[in-house]
Amino acid sequence: MELRKLCQKVLFIIRKKLFKNFRLLIGLLAVFSILIGYWPPSPGDGCPSEKTYLKDDFRGWMENHSMNADNKVLLLAESSLSHEAISILNTLESWKIRVKMLAADKNIPTLAHRGRAKYSAIIFQKIKRYYLMDSWNRKLLETYCQDFSVGIIFFTPGNESFKNNIYGLQTQIVTPVYDYTLVKNPLLRISKHGAKIKKVPGNSWTAFTNTSFQTVATATTGKGENIKTWTVAAFEDRIIKKFYIGNSFSSFWVHRLLLMDALCYLSADRSLCTTLKRYVLIDVDDIFVGKQGSRLTEEDVEAMIKVQTVWNRDYLNNFKFNLGFSAYWYMEQGDSEEIKGDQLLIKVKDQFQWFPHMYKHTQPHKLNLSELENYMLLNKAWARKHNIKFDTFYSVPPHHSGVYPVHKELYESWKKIWNIQVTSTEEYPHLRPSKFRRGFIHSGIRVLPRQTCGLYTHTVKLFEYPGGFRRLLSSIAGGELFRTFVDNPVSIFMTHMSNYGRDRLALYTFTAVFDWLKCWTNLKFIQTSPINMANYYFNLFPEEIDPIWFDPCKDQRHFKIWSSKKSCGQLPDVIILGPQKTGTTALLTFLDLHKSIKVSKKSPNHFEETQFLSGKDYFNGLDFYRSYWPPQNNSDTLQIDKSSTYFHSELAPRRAYALVPSAKLIVLALEPGERAYSWYQHQRAHKDRTAETYTFDEVLEADETSMKSLRDLKKHCLNPGHYSQHIEKWLLFYPSSQLLLADGNELKRNPVKTLQIVQEFLDLETLDFAELLVYDPVKQFYCVRENNKKKCLGKSKGRKYEEMSQRARQFLNSYYKKHNANLVRLLKKISKELPSWLEALSQQNEDEEKIV
Ligand SMILES: Nc1ncnc2c1ncn2[C@@H]1O[C@H](COP(=O)(O)OS(=O)(=O)O)[C@@H](OP(=O)(O)O)[C@H]1O
């Protein structure tokens, strides 16, 4: 401890002088740090040569094959709460692989559906579960693996006693283990063979002694004459490919690399392989923003250039730091050395890549459009004056503000003044967990996920690293930072100017992690333009293109970078989902009579409905949706969005749940045949050509030989009536307690009763609707009583048309029979009452069955 303090003191005294020579600084730091045990462990004494086992053709094939997000892994775990299982699950999810996790002691689930494999690889958290399986389940699993060429990965913790040798697996428990080495083997792809580490964690490991196994990793026990090298990861290339790791997944960071490679090699059709390319961009935000003492000197700038040369030679091509500038702070605040540093940056400007930050480093969400434009113009004028080349069309704002949650004005001004096409943020959808960070495209600007590297604005000194310097070291040595490079095909890192001054922690950190990556992986690091990176990213993950909006008021970080002028609560508390033509307008109109209900403004575009969650307006952004309600001042009111296209939309359930997870949902279920006929009449009234040309009977009779428009009309007419199917989609997100299935037929006959049920569901103070509604014999529907007059819904609600034919009725009865039966089952399962028409139908069916 004393020695450490002494070293720190010496280091502090000579630091100023050392700035003159970066290499000397690093060298001396190394000496001191080794003495006090601070230097990171070597990435591997046996770092392999550049030559790898990979054949060129295989590598080429991989470059062009991205991970197929549809591929799924079956994880057979000890329990869903096991830390170990969650760690494997998290890892797979951070690689964007879909996972089904099941308790390994239960029956094997259905593995194939209609001749298609459901899982591309199987993982056992603990090998003993495989051996303890009853023969029926194991047979099922093995037949599946054989039929679909799916491999199995086993983790075999060394402290686990299981009866080996029974199924041909020969093992030995070994302890302790050192000199862990990856051995040349066809399974290694991302992991580099020859990489070696001296000290291996964990006391006891499982070693595999079958001679037929191919060794993937070895480790050594004993000393002197007792030295023995064991196989601690092995691969069995039989009819079913099996990969064995001699410890638990999280016992050693190298297992993450091995799991990635094993999934690729063992998955059906190599569908779980990822590319070896890794695009890297290192942003230095605020290159001129910092207090005296934390800014860059000439020596710091020179060190950055030197490091770039080294990185270009050793790790990645075309690398340049990406410097963000807030011009107002150029040559401000620094001492004379630091002012010279700023001047040197401009002198050597072409050695770097530049991007515009905000002129005064103001958070964009605090600025209106003209303020933003003015600041951007000032920044631009400065860049012109100093001949700063700007050809990346990339920017990031100070403090992540304005990108997500979206500040529309930032996007507009960026495009207008700078022609920005790419940006990045760490806030989408949320900062944590980082494995879920995604990209999206909004208003033509491609937003890429941004990564943190463990260095923040005030991380300037080696011995003041938050949580101790060892924390940073473990992040480099196979930990979080190392993983960020491995996991993400595109990594944009956020660093700050101060990380490059003082102890130059950023230069040290990245150099060290590149060393580790080069030693342990075959990954190829590349820097390219942000536009190329964005193209590459969204090609790889096209499902991320469309954004998903969350409520900024539910995430503290988002709330902080959201305009103070915006108010929370301008979102629906209740959503009437539809389906179309079930009486949704009547229900909304009647509910609107209640003082605690606030319905959305009428949209001029979609028959007065917002249709935000199901349609294109979603891409206008959250503020567009919020504008349907006034800034809320009374928290007792319930705001309603009624959009009858939501019910059968594929997108709306996910979007709604992301934004308003506690909303109450109302579905109006009208007898589906009646609904289909009303919808057809609606299309005719709106002059749909096909509906006008064909009778309802002809629409229902359409088959695969019919013209497309007729087939489409039939589909759109009948599909929303598949009630159970659509309700199940909503129940994937919302709990059934938040959903009310109201009776559409009852609403027509006895709206007061339906409204009573709805009021109870919404916990509203009871309003006596019997006083407010009156039946109109001419309209043949209930209307609102207003000053002793009747105010009925418009002409388009409650149309007059002739009854549907007997033939159509029979068709519809038979068509919806199965769907209605499913609805009965579903409603019983979630303990909901059946609507009157469904009760009658199911009674009728039961009676018919009894007669038969
Ligand atoms: N009180 C009252 N007044 C008028 N109409 C009523 C009422 N209650 C229920 N209905 C039934 O509502 C049907 C229209 O349903 P929607 O409002 O959901 O249609 S839409 O999807 O919003 O276009 C409408 O369908 P049509 O009869 O085919 O016009 C009505 O049957």
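Leaving aside its neighbours within four places in sequence, which residues is threonine 645 in contact with? Keep that in mind as we walk through this predicted model; we will come back to it after a look at the sheet.

**Stop 1: the sheet.** Select strands 24 to 28, and you will see an open sheet of 5 strands with parallel pairing. Reading across, the order is 25-26-24-27-28. Now colour the two edges: strand 25 (597–599) and strand 28 (739–743) each pair on one side only. On average, neighbouring strands here are turned by 25° against each other, direction ignored.

**Stop 2: one edge.** Zoom in on strand 25 and strand 26 (residues 638–642), which run parallel and are joined by 3 bridges. To find one pair of bridge partners, pick isoleucine 597 and then leucine 638 in strand 26.

**Stop 3: the helix on the sheet.** Next, select helix 26 (residues 751–761), which packs on the sheet and touches strand 27 (664–669) and strand 28. Its direction makes about 175° with that of strand 28.

**Stop 4: threonine 645.** Return to strand 26 and follow the chain into the loop between this strand and helix 19 (652–659), where threonine 645 lies. Threonine 645 has a relative accessible area of 16%, so it counts as buried, the cut-off being under 20%. Show its surroundings to settle the opening question: beyond its neighbours within four places in sequence, threonine 645 contacts Leu577, Gln580, Glu609, Gln611 and Ser614.

For a last pick, draw a C-alpha to C-alpha distance from threonine 645 to glycine 615: they are 30 residues apart in sequence and 8.6 Å apart in space.

Technical notes:
Residues are numbered from 1 along each chain as its sequence is written. This is a predicted model: local features need pLDDT of at least 70, side-chain atom pairs count only at pLDDT 80 or more; totals for chains, interfaces and linings use all residues. Side-chain values use heavy atoms; hydrogens and water are left out. Two strands pair if DSSP finds at least two bridges between them. Helices (H or I, at least four residues) and strands (E, at least two) are DSSP runs, numbered from the N terminus. Axes are lines fitted to C-alpha atoms, for helices over the stretch in contact, and angles run from 0 to 180 degrees between N-to-C directions. Contact means heavy atoms within 4.5 Å. Buried means under 20% relative accessible area, exposed over 50%, partly exposed in between (1.4 Å probe, protein chains only).
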